[in-house]
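Work through the exercises below with the model open. Try each task before reading its solution.

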Amino acid sequence: MMNALEIDSLSKSFAGTDAVKGVSFSIKQGEIFGLLGPNGAGKSTTINMIAGVCRVGGGSITAFGYDNQRDYRFTRRLLGVVHQEIVIDNFFTIDQALKLHAGYYGVKDDPAWRNLLIKRLGLGPHLNKVMLKLSGGLKRRFMIAKALIHKPQLLILDEPTAGVDVELRHGLWDFVREINRQGITILLTTHYLEEAEQMCDRIAIMNHGELIALEKTHELVRRLSSRRLRLWLAQELLHVPDELDTYRPELSEDGSELLLCLPPDESAGDLLKQICALGLDIRDFETDQSGLEEVFLQLTGMREGNDGT
Ligand SMILES: Nc1ncnc2c1ncn2[C@@H]1O[C@H](COP(=O)(O)OP(=O)(O)OP(=O)(O)O)[C@@H](O)[C@H]1O
């Protein structure tokens, strides 16, 4: 089957700043694909080039077999994009704007589809409100309806849940899953790693304009995440035994607390036995599981309290 999207050696500079540096990846039809990365990584620039709102600097973008520069008329119709910034038609009502928008793409208004979007995005009670007066959450929901009104094959969501409350966020993701089940491919960026972990089949991570990881979500987490074993010792430890070196030990200054990293394929029980055999006196212990959050930090080299710049 043809890929929904193929990106080859994509690049873009702004006045000497390389925002995107030779990025390549492809998205299969039917996938939910996550593009992640810290602020300034180049995600929005990539998405803007795919959406055709920002000129491609170098490389190529192919959507469902069409080159998005040469065959722009086709690709534009196949893509639905929800941009990060709220962009609305201030003086239209939701109803007017949705009807108008299908026409803009040269697609016949389909009342059944329009009504489904209105219903599922909870826009019904607000149809006749002028956009200017809508709350932020409603504006977002409207933008999603607008991006879908011409029945695109690929929906691109750039930080769709930024500034949206928890309840609405869950509703939005449920809706995204539902339209994905109907066959629409999804490309999304989000800062909420937990959501990316739950939503995405595959995840690509960008940093400083480059792609630094691209894997199935569960494999990425499994490969890079590690559990940690924290031990409280009954007797202070002066030196960590060499046998524990492979577990990247961290001993607290007073020698009472020892932190060890557990490889994915090793059980905490086995390590505890080994520690007991070394003669360490364990008073208490706990394990924790790092998720995508930790993976992300490892890959991008960011640490808490440091915004990565
Ligand atoms: N129009 C522009 N003019 C100049 N520089 C730009 C422009 N757009 C983006 N940049 C720069 O390109 C780099 C990548 O920005 P981009 O917005 O693509 O990152 P991002 O990963 O989407 O970040 P965020 O999560 O904050 O949206 C940044 O250094 C940014 O300052």
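**Exercise 1: a loop residue**

Task: Place Gln 153 in the chain, then classify its exposure.

Solution. Gln 153 sits in the loop between α5 (136-148) and β7 (154-158). Helices (H or I, at least four residues) and strands (E, at least two) are DSSP runs, numbered from the N terminus. The model is predicted: local features need pLDDT of at least 70, side-chain atom pairs count only at pLDDT 80 or more, and totals for chains, interfaces and linings use all residues. Residue numbers start from 1 along each chain as its sequence is written.

Next, exposure. A residue is buried if 20 or more other C-beta atoms lie within 10 Å of its own, exposed if 12 or fewer, and partly exposed in between, with C-beta atoms placed from the backbone. Gln 153 has 17 C-beta neighbours inside 10 Å, so Gln 153 counts as partly exposed.

Last, contacts (C-beta atoms, placed from the backbone, within 7 Å). Not counting residues up to four places away in sequence, Gln 153 touches Ala 4, Phe 64, Leu 78, Ile 184 and Thr 185.

**Exercise 2: a strand residue**

Task: Is Thr 62 buried or exposed?

Solution. Start with the element: Thr 62 belongs to strand β4 (residues 58-63). Then count: Thr 62 is buried because 20 C-beta neighbours fall inside 10 Å. Its contacts, leaving aside neighbours within four places in sequence, are Glu 6, Asp 67 and Asn 68. Ala 4 is 58 residues from Thr 62 along the chain, and their C-alpha atoms are separated by 8.1 Å.

**Exercise 3: the sheet**

Task: Give the strand order of the open sheet formed by four strands.

Solution. The order is β2-β1-β4-β5, with antiparallel pairing. Strands pair if DSSP finds at least two bridges between them. β2 (17-27) and β5 (66-67) each have a single partner strand, so one side of each is left without a neighbour in the sheet. Helix α1 (residues 43-51) packs on the sheet and touches β1, β2 and β4. Its direction makes about 115° with that of β1; axes are lines fitted to C-alpha atoms, for helices over the stretch in contact, and angles run from 0 to 180 degrees between N-to-C directions.

Now zoom in on one pair. Five bridges join β1 (residues 5-14) to β4. In β4, Gly 58 is the bridge partner of Ser 11.

**Exercise 4: the ligand shell**

Task: Which element gives the most to the shell around the ligand?

Solution. The answer is α1, with three residues. Residues surrounding the ligand (C-beta atom, placed from the backbone, within 6 Å) include Phe 14, Thr 17, Lys 43 and Ser 44.

Note on methods: Two residues are in contact if their C-beta atoms, placed from the backbone, lie within 7 Å.
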